[in-house]
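Dear colleague,

I am handing over the structure below, and I would be glad if you could look through it before reading on. My notes on what was found follow after it.

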Amino acid sequence: MNADDRDLRRRKVTDAAIFLPLLGTFLLMPPLIRVFASNGEVAGIPVVIVYLFAIWLVLIIVAWRLAGPLRGYMQAERPRTDDPDDPPHQDSPLSNKPPGIGQ
Amino acid sequence: MLAPNILLFVCLSYVALLFLVAFVADRQAEARANRGHRIGWLQSPLVYTLSISIYCTAWTFYGAVGSAARSGLEFVTIYLGPTLVFIGWWWLLRKLVRIGRVHRITSIADLISSRFGKSPTLAVIVTLIAITATTPYIALQLQSVTLSYQVITGSDGLNEAATAFWAAAGMALFTILFGTRNVTANERHHGVVAAIALEALVKLFALIAVGLFAIYGFSEGLGDMFSRVSPELLRPDEVFGTRWVVLTFLAATAIICLPRQFQVTVVENVDEKHLATASWLFPLYLFLISIFVLPIAVAGLAHLPAGSNPDMFVLTLPLAADQGALATFVFIGGFSSATSMVIVAAIALSTMISNHIVMPVALRVTRSHHYTSGDVRRLLLNSRRASIAAILALGFVYYRLTDGSDGLASIGLIAFAGIAQVLPGVVGGVMWRGATRYGALSGLAAGFVLWAYMLLLPSFRAEFAGIEQIVTSGAFGIALLKPQAFLSVSIGDPLVHALFWSLSANTTLFVIVSLLTRPNPLERLQGALFVDVFRTRPGDQPQILHPTAPAEDLFVLAQRILGAEPARLLFEEIARGQGITRGLPVADHTVVARLERELGGSVGAASAHAMVAQITGGGTVSLTDLMEIADETAEILEYSQQLTQKSAELESTALQLREANAKLKTLSDQKDEFLSQVSHELRTPMTSIRSFSEILLDADSVSDDQAQRFLTIINQECLRLTALLDEILDLSVLERGEVALALEPVDAEAALDRALDSVSGMAVRGDVRIRIGARAARSDVLADFGRLTQVFLNILNNSVKYNTHPEPEITVTSRWQGDQYVVSIGDNGPGIPAEDSETVFSKFGRGSRRQETGSSGLGLPISREILRRFDGEVVLVATDRPGAQFEVRLPLLRAAVE
């Protein structure tokens, strides 16, 4: 994967991270959630409960999938701090770029 | 029912365990920090996530089931809001955590104060809001501990006040022991975090245990369980309305703004990357907590006697089934959720009180003593200890005052709505550079007042008749001012009503006042640093080395606040950075800014700023001026970059202009040459016409014979002039493309024959001999018959005119060459030198063989122009024979080729 692809992927992942809460809000707020507020049942459980918790779980899973790459991008853009807890690390011009560039 | 003694023993053992965990964690952290290591498991993302779960208090543990029993699915909103904020961490939380780390933020009040120019006033207001909103919440925790203790021991006669008092005292002791051990930078409390992480696990497992017990102890599984309750329980028709949206929003706000949440999420954060883990792990925690709430509520409604308190279903369900051990576990879980919330809230509030209220007062009092009279460090710790005790005492008093008046949930929501007033300042502060201190102040004040009037005040209506009076008929008896129907706007739900008015007023004032006021330099600097925190770094400041303050005074100040050893290490590090191996560093602007940030990590930005300013005098003000200069420098840089770009554009434009100019010059030169040639061509016949006409005018000396000859010459010259002018006109029309040639399939051979016929007269007169060689068959080309004839005629004429051979001879052949029709016209004249092979086709370009031939010299250019229109050409071909040979080439029509 070259630098261009990596850049594209990075943009896609961060875009997804920004879109995810908006999607969650859309799915879990009225009017959409009212569609499922019927008296139907799935395996004896009211359908709205199944819908609510299923969407919730899906959001968590997607957030989990996104967290990995996003963590990598955070590592890359870490600033210099004077924090004694931080292990000392050299600042180089490359430190603002995603990991792997130039390797 | 359990014997109080056993329960007390279990409870105290659990508390002892918490103390032990906190103690061990603190010791480990200290040991590791001294050796320069990271603190392994204590700083893992798991512990970080678990510490965030103090969001789930006793209100969740007991109250969520009560809420589910009363209002169906509504309880879910309290957990959906934080879920949405955490899965959307890339938006806001990431930025808050970064700002918190870079600027050593100690609390939510510090964040707002620091953003808006380190304003002490803002810090005080936010602190007051936080205290007002948190006190009822602490009272709620005390109530839940007391209530659950009563339920599990079954002793109604127990002294409620005593239980609550000892619970409060115990929590105060723990908090003081582990929450105020030191004032280290960034206010991290490893012992406390370890203890609340343990408590988070206990409360989660306790709730899951009861949930499983409710599902499988009372029914055959989920499906069976839901089949026994009426679907009315979920209230699907009413629950998904405005209140659903508002509650979700409120919960989302709370997870950001609640002082205790800010404390664990931002202040206690040791590594930004932990947030990535918490972004899904914390929602998962909430999901697991929530998923068992409904089954417990359903089982409670179905199996417990009517009239049981739904808020206690979690505890009464195992008790009813004689599950003493499970009930004890549940009690410990509830105890955990209450204590962890109280401990962290007390720490967060005490930090705010000591940094933003006690310190500024102390600064004012000791101004004349200049820090020589008291140890700031001890003052800080003591004021925090006192604050913790005071906060818990306040919670206890509130609990005694309002005991049993409200359902647990409503107090929690009132607190959420109160702290939500901070939201516009936080979000606007970190996203919008234009936000100003006055904007934040006015928004906060308005929102807080409206919240207190519309929501907090009515919550006391049962206790005080005066308040009941205000609620029913408005303040001062003015109906428009009714706290729950302000300006007669009827929004049924008091919570939605209060939130609508307070947040609308808050946000509107915040934005409008921000637009109307001008920020001071420090505000502008802080605004830029906060909003662009991912682009700027705190170290990126102008490196100008000249002292602004006595380094000794700064060192003394640092010692008093950070302690002797950390201060020495800090100053040594700074000195090393400046290349100084011994002694104190030069206290330039960078050092002052750095020191301010370090001290801010302990006492808050506003106090640190005030302290350092006392020593440096105008030093920090000039720092802000410097910042402004830096700002302007950045602008100039940007401007010069734009200029560079502009000048590059200009250069390329200039290049294009130069090229265009060169073309125009060539054209102009050609035109000049053309004009001079035309005038020359016109001049020759005009000269002879003039001279002969002058002779004729002098009639005496001319005989009739002579006159006749001269007139003939004049006539010939006139004809030549006309022909020349016709050709010039023809060429210019052709060149400008103004004449449309009618292209149609014509026989080129026929056109050649017609041209040969025209020149045959010359041959008859014996001027020239025309030899016709091999001829092609009928050759259809796309052309204009007349023009094509003209081309052949021109070339034939040329060959005759320029032929100086005593016996002039012209050879004409035609043939097919590929898909081209080619006519060759050769002569036995002097020929044309190779260097003139192009010139002959230019206007008047007769080449070096120029002589008086009676030709206009435009024949070949016109021929070439015509042939170009037919997609053909005329060229001079080189041969080994003497004389010139022209070839006319035209594309054959496809049909003719086949």
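The expected span of a helix is 1.5 Å times one less than its number of residues. For helix H9 of chain B, residues 190–218, the 29 residues should therefore span 42 Å, and the C-alpha atoms at its ends are indeed 42 Å apart, which agrees. Please keep in mind throughout that this is a predicted model.

Staying with that helix, 22 of the 29 residues of H9(B) are buried, so the helix is largely enclosed by the rest of the structure. One residue that lies in helix H9 of chain B is B:Val202, which counts as buried because it has 21 C-beta neighbours inside 10 Å, where the cut-off for a buried residue is 20 or more. If residues up to four places away in sequence are not counted, B:Val202 touches B:Ile332, B:Gly333 and B:Ser336. With B:Gly333, the C-alpha atoms are separated by 5.5 Å, although the two residues are 131 residues apart along the chain.

Turning to the chains as wholes, chain B has 898 residues, of which 47% count as buried, and its secondary structure comes to 34 helices and seven strands. Among its contacts between residues at least 6 apart in sequence, 80% join residues at least 24 apart. Chain A has 103 residues, and buried ones make up 17% of them; its two helices and two strands follow the pattern α-β-β-α when read along the sequence. In chain A, residues 24 or more positions apart account for 56% of the contacts with a separation of 6 or more.

As for the interior, the largest nonpolar core holds 231 residues, and those that touch the most other members are B:Leu250, B:Cys257, B:Ile296, B:Val314, B:Ala417 and B:Ile419. Its largest share, 20 residues, comes from helix H17 (residues 324–365) of chain B, and the core draws at least three residues from each of domain 1 (4–422) and domain 2 (543–617) of chain B. A second, separate core has 36 residues, including B:Val746, B:Ala755, B:Tyr821 and B:Ala884. Leaving aside neighbours within four places in sequence, B:Ala417 is in contact with B:Leu250, B:Trp451, B:Leu455, B:Leu495, B:Ala498 and B:Leu499.

Where the two chains meet, the contact takes 40 residues from chain A and 39 residues from chain B. On the side of chain A that touches chain B, helix H1 (3–28), strand S2 (45–46) and helix H2 (47–76) of chain A each supply at least two residues, with the largest share, 15 residues, coming from H2(A). By class, that side of chain A has 26 nonpolar, seven polar and seven charged residues.

Finally, a word on confidence. The model scores ipTM 0.79 and pTM 0.67, while the mean pLDDT of chain B is 81, with 88% of its residues reaching 70 or more. Among the elements of chain B, helix H4 (residues 77–87) has the highest mean pLDDT, 95, and helix H34 (residues 894–897) the lowest, 56. Over residues 538–547 of chain B the pLDDT stays under 50, and the model has 18 contacts beyond four places in sequence for them. The pLDDT is also below 50 over residues 618–629 of chain B, a stretch with 20 contacts in the model beyond near neighbours in sequence.

With kind regards

Definitions and conventions
Residues are numbered from 1 along each chain as its sequence is written. Chains are lettered from A and ligands numbered from 1 in the order in which they are written. This is a predicted model: local features need pLDDT of at least 70, side-chain atom pairs count only at pLDDT 80 or more; totals for chains, interfaces and linings use all residues. A nonpolar core is a set of buried Ala, Val, Leu, Ile, Met, Phe, Trp, Tyr and Cys residues joined through C-beta atoms within 7 Å. A residue is buried if 20 or more other C-beta atoms lie within 10 Å of its own, exposed if 12 or fewer, and partly exposed in between; C-beta atoms are placed from the backbone. Helices (H or I, at least four residues) and strands (E, at least two) are DSSP runs, numbered from the N terminus. Domain bounds come from an automatic or database domain assignment. Two residues are in contact if their C-beta atoms, placed from the backbone, lie within 7 Å. Ala, Val, Leu, Ile, Met, Phe, Trp, Tyr, Cys and Pro count as nonpolar, Asp, Glu, Lys and Arg as charged, and the others, Gly among them, as polar. pLDDT is the predictor's confidence in each residue, from 0 to 100.
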